[in-house]
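Got the viewer open? Let's walk through this one stop by stop, selecting as we go.

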Amino acid sequence: EREQMLKTLTEKSFAGIYLVQDGRFRFVNEKAASYAGYEMDELLGIKADSVVHPEDRIRIKTDARAMLRGETTSPYVFRIVTKQERVRWIMETVTPLSFQGRPALLGSSMDITDRMEAEERLRESEDRYRTIFETTGTATIIVEEDTTVTLVNSEFEKLSGAPKSYWEGKRSWTEFVHEKDVQMMLDYHRRRRVDPRSAPRNYEFSLVDREGNVREVIITISMIPGTKRSVASFADISERKKAEEILKRRERELEEKTRELEEVNAALRVLLKRREEDKVELEEKILS
């Protein structure tokens with residue numbers, strides 16, 4: 001009954017189970033064999049580390065010894081190379097036991113390839129978007145619902161005059177907004193989280209850097225789908241605003257000059273008319 005129970009447990013187990021003695025497989029259940037793409041009989045008697053990825057063999061021995069000595073209880077992860085020469089990820093635990101009166105170890109494992117590949121895709125995606133975020137050439141930040149700045153890029157460091165360590169997870173975006181614009185932007189911030197369409201995506205405001213300099217900037221902001229976070233990009237338009245102000249001042253000056261010229265022209269027309277009248281009067285006197 002004990003043997004039958006053990007057989008049932010090992011055959012029906014969701015985990016891969018194997019017995020290793022003298023560095024070779026003495027027992028392998030079907031699940032463990034399937035991880036490596038072998039039949040159970042093909043693995044019996046071969047070296048256990050022969051299916052381990054060459055780059056992981058030294059590390060897996062170190063991890064297994066630490067677990068056998070009781071120094072760690074956490075499963076460790078390594079790669080195997082299947083019979084079809086595919087690389088798969090395995091999570092394993094081992095425990096010591098006696099088999100036929102001699103030391104052996106019992107291994108229990110799970111194939112976590114899908115999870116590892118998903119994590120790798122996620123890391124690649126995060127790296128890609130972080131690279132875009134950092135190298136976009138536009139000052140960009142990410143903010144939380146409570147107005148905390150959680151992520152800034154190097155361009156925003158330049159614009160605000162403060163390093164990432166000053167902002168990330170520590171400061172509110174209201175700190176860099178001129179007091180005249182804070183209430184307006186807080187209202188937009190709240191409305192945007194109720195309905196993103198209820199607040200403008202683009203508008204101008206005054207930004208105050210760490211040295212107290214006021215810059216005129218235009219912001220583009222939108223919600224990150226599925227979250228209460230928003231991403232905002234800033235363009236410094238201070239020079240453009242100055243140029244526009246200079247242009248407006250020159251236009252006003254030109255209008256004033258134009259009015260003065262019109263007044264001068266009007267005076268000249270009056271004088272010319274008077275001259276013609278004087279000329280006619282003189283001619284009539286001469287004729288008379």
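Start with a single side chain: select Gln-100, which counts as exposed because its relative accessibility is 68%. What you are looking at is a predicted model, so keep that in mind along the way.

**Stop 1: two loops with a positive phi**

Stay on Gln-100 and check its backbone: phi is near 55°, a positive value in a residue other than glycine. Most residues other than glycine have a negative phi. Gln-100 lies in the loop between strand S4 (87-99) and strand S5 (102-111). Now jump to Asp-22, where phi is also positive, near 55°, again in a residue other than glycine. The loop that holds Asp-22 runs between strand S1 (16-21) and strand S2 (24-28).

**Stop 2: the sheet around those loops**

Colour S1 to S5. These five strands make an open sheet, ordered S2-S1-S5-S4-S3, with antiparallel pairing. Which strands stand at the edges? They are S2 and strand S3 (76-81); each has a single partner strand, so one side of each is left without a neighbour in the sheet. Turn the view and you can follow the twist: neighbouring strands are turned by 40° against each other on average, direction ignored.

Zoom in on the middle of the order. S4 and S5 pair in the antiparallel sense over ten bridges. For one of the bridge pairs, pick Thr-95 and look across to Leu-106 in S5, its bridge partner.

**Stop 3: helix H4**

Next, select residues 57-68, which are helix H4. From first C-alpha to last, this twelve-residue helix reaches 17 Å, close to the 16 Å expected at 1.5 Å a residue. Show the side chains of Ile-60, Ala-64, Ala-66 and Met-67, the buried residues of H4. Look down the axis of H4: these buried residues fall within an arc of 160°, so they line one face of the helix. S3 and S4 are among the elements that cover them. Before you leave, click Gly-70 just after H4, where phi takes a positive value of about 80°.

**Stop 4: the second sheet**

Move along the chain and colour S6 to S10. Here is another five-stranded open sheet, in the order S7-S6-S10-S9-S8, with antiparallel pairing. S7 and S8 stand at the edges with a single partner strand each, so one side of each is left without a neighbour in the sheet. The twist from one strand to the next averages 35°.

Which strands do seven bridges join? S9 and S10, which run antiparallel. Select Val-217 and you will find Asp-236 of S10 opposite.

Add helix H5 (residues 113-135), which packs on the sheet and touches S6 and S7; the direction of H5 makes about 80° with that of S7. Then add H8, which also packs on the sheet, touching S6, S8, S9 and S10; the direction of H8 makes about 135° with that of S8.

**Stop 5: helix H8, face by face**

Keep H8 on screen. At 1.5 Å a residue, its 16 residues should span 22 Å, and its end C-alpha atoms are 24 Å apart, which agrees. Now show Asp-181, Val-182, Met-185, Leu-186, Tyr-188, His-189, Arg-192 and Arg-193, which are buried in H8. Those residues cover an arc of only 165° around the axis, which puts them on the same side of H8. What covers them includes S6, S8, S9 and S10. Flip to the face turned away from that buried side and you meet the exposed residues Lys-180, Gln-183 and Val-194.

**Stop 6: the nonpolar cores**

Finish inside. The largest nonpolar core has 26 residues, and those with the most contacts inside it are Ile-141, Phe-156, Trp-167, Trp-173, Phe-176, Phe-205 and Phe-234. Several elements give two or more residues to this core, including helix H6 (154-160), helix H7 (164-167) and strand S9 (214-223). H8 gives the most, with four residues.

Centre on Trp-167 and list its contacts. Leaving aside neighbours within four places in sequence, Trp-167 is in contact with Val-149, Val-152, Phe-156, Ser-160, Ala-162, Ser-172, Glu-175 and Phe-176. Apart from this core lies another, of eleven residues, among them Tyr-35, Ile-60, Ala-64 and Phe-78. Two of those names should ring a bell: Ile-60 and Ala-64 are among the buried residues of H4.

Note on methods:
Residues numbered from 1 in each chain as written. Predicted model: local features only at pLDDT ≥ 70, side-chain atom pairs only at ≥ 80, totals over all residues. Heavy atoms only, no water. Buried < 20%, exposed > 50% of the residue type's maximum accessible area, 1.4 Å probe, protein only. Core = buried A, V, L, I, M, F, W, Y, C linked by side-chain atoms within 4.5 Å. Contact = heavy atoms within 4.5 Å. Expected span 1.5 Å × (residues − 1). Arc of directions from axis to C-beta. Pairing = 2+ DSSP bridges. Axes fitted to C-alpha atoms, helices over the stretch in contact; angles between N-to-C directions.
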